[in-house]
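Please look through the sequence and the model shown here before reading on. The report that follows goes through side-chain contacts, cysteines and backbone angles in turn.

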Amino acid sequence: MGLPAADFAEIINNIQAEIAAARARSANAAPRIHLLAVSKTRPAAEAAACWQAGQPLGLAALAENKVQELLEKKSKLPADIRWHFIGHLQTNKVKQVLGQAELIHSLDSWHLAEEINRRAETLQIVVKCLLEVNVAAESSKFGLRPDELWDFCKSARDLPGVRICGLMTVAPAVDNPEQARPVFAELRSLRDELRQRAEKVAYSHLDLQELSMGMSNDYKVAVEEGATMVRLGSLIFGARVYR
């Protein structure tokens with residue numbers, strides 16, 4: 001049985017207070033942080049209750065990491081709920097996601113970028129994406145290498161259906177959140193460097209405002225290092241329910 005809306009409101013209010021405290025103690029913190037509730041494995045009714053309770057408290061969107069789960073929940077829930085896609089996106093699933101999520105956090109290859117652009121041009125839309133960066137060079141994770149980012153950004157001039165809005169990373173799973181700090185600081189540094197280079201050449205397809213980083217166990221450190229979006233699942237919904 002899922003949490004009642006009143007419990008979601010209390011949880012989200014407490015998280016927002018922690019985010020505000022983290023911002024206040026760091027000069028690197030962003031001026032605003034969007035809170036995303038990752039509703040994977042949770043039933044649609046629970047996701048809806050979370051959104052209803054959280055929206056007045058600044059909950060920015062619900063997020064899913066599987067295409068089918070996103071589509072199933074979105075088909076059952078009110079149209080005003082905002083959705084982000086944060087999981088690995090296969091090229092054969094691009095057609096299903098476009099128009100369903102307002103931001104794709106996980107653009108991790110040129111092949112995927114080309115497919116998003118192809119589908120976007122057919123639909124006559126521009127798809128907002130974040131470049132996923134494998135900062136820690138973990139073999140088990142997807143993402144571009146840091147040294148690939150600028151060439152990728154330059155080449156994206158030829159993809160009018162793709163707008164790059166920033167960077168995303170998944171930090172290594174660690175016991176102490178402080179161990180993730182170098183990863184978050186590096187992502188911020190990479191974003192800042194890309195922004196400086198892009199400003200010099202006036203690339204209109206690059207926005208590069210967003211840093212999607214930080215999850216339930218390390219989000220406060222991520223906020224201190226400049227996150228503009230944090231992706232929280234178990235901290236909001238409780239332990240995952242896998243069927």
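A residue is called buried when its relative accessible area is under 20%, exposed when that area is over 50%, and partly exposed in between. By this rule Lys154, with a relative accessible area of 27%, is partly exposed. The structure is a predicted model, and the values below were computed from it.

**Salt bridges**

Lys154 forms a salt bridge with Asp151, and the closest N and O atoms of the two are 3.5 Å apart. Both residues belong to helix H6, where a spacing of three residues separates them by about one helical turn. Asp151 is partly exposed too, with a relative accessible area of 46%.

A search of the whole structure finds 19 salt bridges, and three of the pairs are set out in this table.

| Pair | Closest N to O distance |
|---|---|
| Lys154 and Asp151 | 3.5 Å |
| Glu193 and Arg197 | 3.5 Å |
| Lys220 and Glu18 | 4.0 Å |

In helix H7, which covers residues 181-201, Glu193 and Arg197 are four residues apart and are therefore separated by about one helical turn. Glu193 has a relative accessible area of 39% and is partly exposed, and Arg197 counts as partly exposed at 35%.

The bridge between Lys220 and Glu18 joins two helices: because Lys220 lies in helix H8 (residues 219-224) and Glu18 in helix H1, the pair ties together parts that are 202 residues apart in sequence. Lys220 counts as partly exposed at 33% relative accessibility, and Glu18 is partly exposed at 33%. Elsewhere, Arg25, Glu178, Arg181, Arg188, Glu224 and Glu225 are linked in a network of salt bridges.

**Aromatic pairs**

How many aromatic pairs does a search of the whole structure find? The search finds two. In one of them, the rings of Phe8 and Phe237 have centres 5.5 Å apart and planes at 70°, so this pair is edge-to-face. The pair links distant parts of the chain, since Phe8 is in helix H1 (residues 5-24) and Phe237 is in helix H9 (residues 234-237), 229 residues apart. Phe8 and Phe237 are both buried.

Trp110 and Phe152 also form an edge-to-face pair, with 5.2 Å from centre to centre and 80° between the planes. As Trp110 lies in helix H5 (residues 110-123) and Phe152 in helix H6, this pair ties together parts that are 42 residues apart in sequence. Trp110 is partly exposed, with a relative accessible area of 29%, whereas Phe152 is buried at 7%.

**Cysteines**

Why does the structure hold zero disulfides? A disulfide needs two cysteine sulfur atoms within 2.5 Å, but the sulfur of Cys129 is 7.5 Å from the closest cysteine sulfur, which is in Cys165, and this is too far for a bond. Cys129 counts as buried at 0% relative accessibility, and Cys165 counts as buried at 6%.

**Positive phi angles**

Ala137 is not a glycine, although its phi is positive, at about 55°. This residue sits in the loop between strand S5 (127-132) and helix H6 (149-155), and with a relative accessible area of 63% Ala137 is exposed. Leu208, also a residue other than glycine, has a positive phi near 60°. Leu208 is placed in strand S7, residues 206-212, and is buried, with a relative accessible area of 1%.

Notes. Residues are numbered from 1 along each chain as its sequence is written. Side-chain values use heavy atoms; hydrogens and water are left out. Buried means under 20% relative accessible area, exposed over 50%, partly exposed in between (1.4 Å probe, protein chains only). Rings of Phe, Tyr and Trp (its six-membered ring) pair if their centres lie within 6.5 Å; planes under 30 degrees apart count as stacked, over 60 as edge-to-face and the rest as tilted. A salt bridge is a side-chain nitrogen of Lys or Arg within 4 Å of a carboxyl oxygen of Asp or Glu.
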